[in-house]
Structures are given as C-alpha cells and as structure tokens.
Amino acid sequence: MDKRLFSHINWGLLACMCILFLAGVGNLYSASGTRLEDGLAFSDFYQRQLVWGGLALIGMIGAMSFDYRRLRNLAWPFFWITLILLLLVPIMGKTVYGAKRWLSLGLMSIQPSELAKLSVLILAARILARDGSPLGWKDFISVLAVGLVPAALIIIQPDLGTTMLILLILGGMILFHGVRGYVLKTCLLAAPVAGLFMWFVGMKDYQRQRILTFLDPSNDPRGSGYHILQSRIAIGSGEIWGKGYGEGTQSQLRFLPERHSDFAVAVFGEEWGFVGCVALVTLYCLFLLAIFSTAVLAKDRFGSMLVVGVFFYFFWQITINMGMVIGLMPVVGIPLPFMSYGGSATMVNFLLLGIVLNVSMRRFMFKV
C-alpha cells in the first residue's frame, strides 16, 4: 500500500472510534459485575469484546488496504453469499432467547443478518452510483428490491429491529441520491398502507405488544414494560454526575435486563449521570460528522454512496437505541455501536469504518 495514503486518513474519525470502543469495553466491565453476598462477581463479556475488537481491527486494516472501487465487482457475489447464509439459518441455525438468528461455526457463532447490512449497503451503493440523476420507478424498484429480499428472510427469524434498520439505511441512501417527485409522493401515500400491513400481517403478537408497551409501559410493569421502566430508573438515578464507575445498583443488582447489550447505555447513564451522557452524545455527533465529511469529500459517486450508507447505518442505530432506553422508541433489539456487546456487530462496525477510511485515504489519488 502506498505510504502516501496514510497522510489522508481521517484521524478524527479514527480517534472517535477508539475512544468509543474503549469506553464500551470499560462500560461492559462494569455491566458484567453482579453484587453477591460474598462480594462482586464478573462475567467475561468485556474479555470477549476485547478479543472481537482485536479480530475486527485486523479486518478493518484489511478493508483499508485495497482500492475500495474493487468492491463494485464483489457486491453481487457478497450479496448472494449473504442470501445463502440467511437461507441456512432456519435449517441449521441456533436458537437463542426464542429466536433462530445464529449459525454455529464451532468455536464461534455468526449472525448472517449483520452481514446482510453490509452486503445491502455495498450493492445499493453500486446501483445508485451508476447514474447521478434522480431515480425513476425502474431504478427505484431495483434498489428497493436489494433490501426487501434479505429483509424478508430476516423478519421470519424473527428480527424486526434488523429488518427495520436495513430498510432505513436503504431509504437514507435513496433520499441522499435523489428520487423523482412522483416516486416520493407515491411512497409517502403508500407508507400508511405498509404500516397497517406490517401491524396485522408482518408482526408477531409480542412485537405488537412492544409497540403498545412503548405507548404506556406502566400497563405491564412486570412484563413487557419492565425493560423500559428499569432503564428509565437506572438513567434517572444517575442524576447530574452519576453514582460513580462500578457503583450502579440497578445494573449490578440485576434489576436492569440486557445490560451488556441493548441497554448498555443505561448502565453508562446510571454511573456517569447527565454530564456523562451529554459527553457520550457529543462524541457520537463528532463521530457521525467525521463520516459525513468523508462522504462529501469523496471524489466519485460510488465512494460517496458507500460512506453515506455507513453514515445512515450508524446514525439509525445510535438514534434508535438511545431513544429506546429512555422510552422515546419501542424496544426493537438494536444495539448501540461500540457500547453494546456483540461479536458479529463489532466486526461489521470495524469493517464499515475501514471502508470509510479507505475512501478518505484515496480521495486525492485519482480523478473522475
């Protein structure tokens, strides 16, 4: 790799990523603690996250080491491989918490739906980069199908959160690229019909219950509303300055569910308070700004659309997860990047940032 490329790395993005990942590991260490009568016991989530982070770092370096324009030729093969893995999940998948989403590979398991986010993003960027003019019906439907096919396979697992995230990423990329006015108006008129279809046909009973619980969690405080209520209590009890690192009672006394994954930020809020949460949100804003600036400065449409897809990938996850833990959005099982535990998610996060850094490094190496 040309050494001159390193002078164009987006160091601000890299710094934000490292700080967020280390903060996430530290938060997982605290969230892994459980107060017992004879002391404090720790699970190994933070250790496994460090291992995944090391492997993901290697993957990120690999994603930076080749010209990103080669991804054009890999988009379709990667997409078909992902579809095959998604088709294998109902047949060979491992059931965890009542959902069949993982494929076991011996010493580790992978979640094909995480790879689907990456494959859809790359293929959509390739299709959208062909022409800079706003999309008509033909091109719009072809791009939309790229997301709908894997989304249909993911929602039967069932995994409503990932399905919704894939469609939101695709929608953001389409809007950034531009669509014809008549296409946009038709989609806006069709949105309520699609919402009713999802409610009566696409959702299972427990998923509909999550929506109803979001509207009023106090209706079932020991059942479906338990997660949101305990998360609010944890964050609210942190007040302005927090209870201190490792001193969160809601998490370490195990009142807070899923404290190492979906509700990791509730642990952070309880320990670091309002000031800590503001600092975390500010860091995420700088992180997103660094990604978006790379999209604006990219010298070709494919690179720009790739980075825009990554921007919406992180933007929606951050927005939905943080809204979820404070009760502004339904609980849909979307993790917070770098703060929540997850091997497949960590690998995809680092790979996507490797692609962003790849585009940043090569923005002066050629002209279009």
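Here is a short chat between a visitor and a guide about the predicted model shown above.

Visitor: Before we start, what pLDDT do local features need here?

Guide: Residues are numbered from 1 along each chain as its sequence is written, and side-chain values use heavy atoms, with hydrogens and water left out. As this is a predicted model, side-chain atom pairs count only at pLDDT 80 or more, totals for chains, interfaces and linings use all residues, and local features need pLDDT of at least 70.

Visitor: How many salt bridges are there?

Guide: Side chains of opposite charge can pair when their charged atoms come close. The rule here asks for a side-chain nitrogen of Lys or Arg within 4 Å of a carboxyl oxygen of Asp or Glu. By that rule the count is 3.

Visitor: Which residue pairs with Glu114 in helix α4, and are the two buried or exposed?

Guide: Helices here are DSSP runs (H or I, at least four residues; strands are E, at least two), numbered from the N terminus. Within α4, the partner sits 3 residues from Glu114, about one turn of the helix, and the closest N and O atoms are 3.1 Å apart. Buried means under 20% relative accessible area, exposed over 50%, and partly exposed in between (1.4 Å probe, protein chains only). Both residues are buried, and the partner is Lys117.

Visitor: How many residues apart in sequence are the parts that Glu270 and Lys243 tie together?

Guide: Their salt bridge has its closest N and O atoms 3.0 Å apart. Glu270 is buried at 0% relative accessible area, whereas Lys243 is partly exposed at 32%. Glu270 belongs to helix α11 (residues 264–297) and Lys243 to the loop between α9 and α10, so the pair ties together parts that are 27 residues apart in sequence.

Visitor: And Asp67, which residue does its side chain meet in a salt bridge?

Guide: The N to O distance for this pair is 2.6 Å. The partner is partly exposed, with a relative accessible area of 33%. That partner is Arg69.

Visitor: What accessible area does the nonpolar surface patch with Ile240 have?

Guide: Patches take residues with over 30% relative accessible area and no salt bridge, joining like charges within 9 Å and nonpolar side chains (Val, Leu, Ile, Met, Phe, Trp, Tyr) within 5 Å. Ile240 lies in the loop between α9 (226–237) and α10 (249–252) and is partly exposed at 47%. Areas come from the Shrake-Rupley method with a 1.4 Å probe, and for residues only the protein chains shown count as cover. Ile240, Trp241, Phe274, Val275 and Val278 together have about 530 Å².

Visitor: How much space lies in the largest cavity?

Guide: A cavity is a set of points, on a 1 Å grid over the protein atoms alone, where a 1.4 Å probe fits but cannot get out. Grid points are joined across faces, edges and corners, and a volume is the space filled by probe spheres set on the points. The structure holds 2 cavities of 30 Å³ or more, and the largest has about 70 Å³.

Visitor: Which element gives the largest share of the lining of that largest cavity?

Guide: Lining residues have an atom within 4 Å of a point. Of the 14 here, the closest to the centre are Leu336, Pro337, Ser340, Ala345 and Asn349. Elements giving two or more residues are α4 (112–128), α12 (301–325) and α13 (343–361). The largest share, 3 residues, comes from α13.

Visitor: What is the phi of Phe338?

Guide: Most residues other than glycine have a negative phi. Phe338 sits in the loop between α12 and α13 and counts as buried at 3% relative accessibility. Although Phe338 is not a glycine, its phi is positive, at about 75°.

Visitor: What separates the C-alpha atoms of Met361 and Ala298?

Guide: Met361 lies in helix α13 and is buried, with a relative accessible area of 0%. Along the chain, Met361 and Ala298 are 63 residues apart. Their C-alpha atoms are separated by 9.7 Å.

Visitor: How far apart in space are Ile166 and Ala116?

Guide: Ile166 is in helix α6, buried at 1% relative accessible area. The two are 50 residues apart in sequence, and their C-alpha to C-alpha distance is 8.1 Å.

Definitions and conventions. On a 1 Å grid over the protein atoms alone, a cavity is a set of points where a 1.4 Å probe fits but cannot get out, and a pocket is an open set with protein on both sides within 12 Å along at least five of seven lines; lining residues have an atom within 4 Å of a point.
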